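Me: I'm new to this structure and would love a close look at a single part of it. Could you walk me through the place where the ligand sits, and what lies around there?

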Amino acid sequence: MSTYIVLLGPPGAGKGTQAKILADTTKLAHISSGDLFRENIQNQTELGKQAKSYMDKGELVPDDLTIAMIRERISCAECNKGGAILDGFPRTPAQADALEKMLGEYGGQVNAVPYVTAAESILIERTGGRWLCRETGHVYHEKFSPPKQTGVCDIDGSELYQRDDDKKETVTKRIRVYFEQTMPLVEYYRQRGRLIEINGVQPVEQVTSELLEALKK
Ligand code: AP5
């Protein structure tokens with residue numbers, strides 16, 4: 001049976017960082033709703049144009065657009081062998097219900113929901129110092145995990161950039177939206193016995209080992 005792990009947590013908690021490591025370790029696919037929207041924006045698709053207007057304001061993209069995008073990605077058997085690490089989806093109870101239904105169609109379910117936590121001041125510091133590789137999407141932080149050469153990716157030498165929605169005022173809005181619209185999912189998954197609380201305020205490697213240890217159980 002396929003395995004699906006949902007990474008839950010506020011902006012900047014370290015979901016993307018951990019999702020990439022988990023995907024490498026478990027060989028599951030990494031499905032990031034934020035990355036899929038950014039790909040659509042870069043490719044100037046209709047979905048990208050619609051998503052950008054919400055992302056720039058720090059708001060959630062409407063459920064119907066988001067669910068349709070994830071449904072298409074999950075239904076792609078080649079890019080989803082054995083299950084996936086879901087990073088940034090679901091983000092509302094309606095999305096969580098849609099996910100249960102979708103996975104049910106493939107005889108799967110959400111197996112575990114690591115919930116990565118960190119205080120607001122840390123979230124702002126982490127998003128404010130984040131740099132990403134244009135080619136690979138590899139994530140750096142100017143203080144916590146700097147590249148060897150400023151502005152250049154260690155892996156492929158590509159240019160590093162900062163996300164438009166990582167400006168302090170947009171991050172503050174994203175955090176507010178997270179508390180209003182996504183926090184209900186903590187109880188949603190706790191009641192279903194899937195929630196695993198993970199302390200995100202430790203070095204990346206320690207967060208990973210806490211995660212892997214918890215997932216073994
Ligand atoms: P999305 O791209 O999903 O962003 P997010 O959830 O706000 O999360 P982030 O990517 O900001 O943070 P992260 O937790 O992944 O942290 P990271 O590992 O990079 O969504 C963007 C937008 O798209 C949303 O606002 C919305 O508009 C839209 N959207 C996406 N999904 C949607 C959905 N389902 N429904 C509707 N709309 C949706 O780490 C951050 C930084 O900290 C990095 O620099 C990293 O190097 C560093 N770092 C990580 N871990 C540590 C550590 N342990 N110690 C020190 N530094 C660390």
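Reply: Here is a tour of the ligand's surroundings, followed by a look at two individual residues. Please keep in mind that this is a predicted model.

Let's begin with the shell around the ligand. The ligand is surrounded by 36 residues, and the closest are Thr17, Ser33, Glu59, Arg130 and Arg174. By character, the residues of this shell divide into 14 nonpolar, 13 polar and nine charged.

Some polar atoms of the protein can be matched with nitrogen atoms of the ligand. Ser33, one of the closest residues, has a polar side-chain atom 2.8 Å from a nitrogen atom of the ligand. For Arg126, a polar side-chain atom lies 3.3 Å from a ligand nitrogen atom. Gln202 takes part through its backbone: an N or O atom there lies 2.8 Å from a nitrogen atom of the ligand. As for cover, the ligand has 1,000 Å² of accessible area on its own, and the protein covers 96% of that.

Which elements give two or more residues to the shell? They are α1 (15-26), α2 (33-42), β6 (139-141) and α9 (204-216). The most comes from α2, which gives four residues.

You can also place the ligand by looking at the domains. Domain 1 (2-118 + 168-216) and domain 2 (129-166) both give residues to the shell, so the ligand lies between them.

Now for the first of the two residues, Asp165. You will find Asp165 in the loop between β7 (160-161) and α7. Is Asp165 buried or exposed? Its relative accessibility is 10%, and because buried means under 20%, Asp165 counts as buried. The side chain of Asp165 is joined to that of Arg163 by a polar contact of 3.0 Å. Leaving aside residues up to four places away in sequence, Asp165 touches Met55, Thr170, Val171 and Arg174. Arg174 links back to the start of the tour, being among the residues closest to the ligand.

The second residue is Thr182, which is found in helix α7 (residues 168-182). With a relative accessibility of 3%, Thr182 counts as buried too. Which residues does Thr182 touch, not counting those up to four places away in sequence? They are Leu8, Arg91 and Val177.

To retrace the route on your screen, start at Ser33 with its 2.8 Å approach to a ligand nitrogen atom, go on to Asp165 in its loop, and finish at Thr182 in α7.

Definitions and conventions. Residues numbered from 1 in each chain as written. Predicted model: local features only at pLDDT ≥ 70, side-chain atom pairs only at ≥ 80, totals over all residues. Heavy atoms only, no water. Buried < 20%, exposed > 50% of the residue type's maximum accessible area, 1.4 Å probe, protein only. Contact = heavy atoms within 4.5 Å. Near = heavy atom within 4 Å. Polar contact = N/O pair within 3.5 Å; in protein donor to acceptor, adjacent residues only side chain to side chain. Areas by Shrake-Rupley, 256 points an atom, 1.4 Å probe, with all protein chains shown as cover. Nonpolar A, V, L, I, M, F, W, Y, C, P; charged D, E, K, R; others polar. Domains from an automatic or database assignment.
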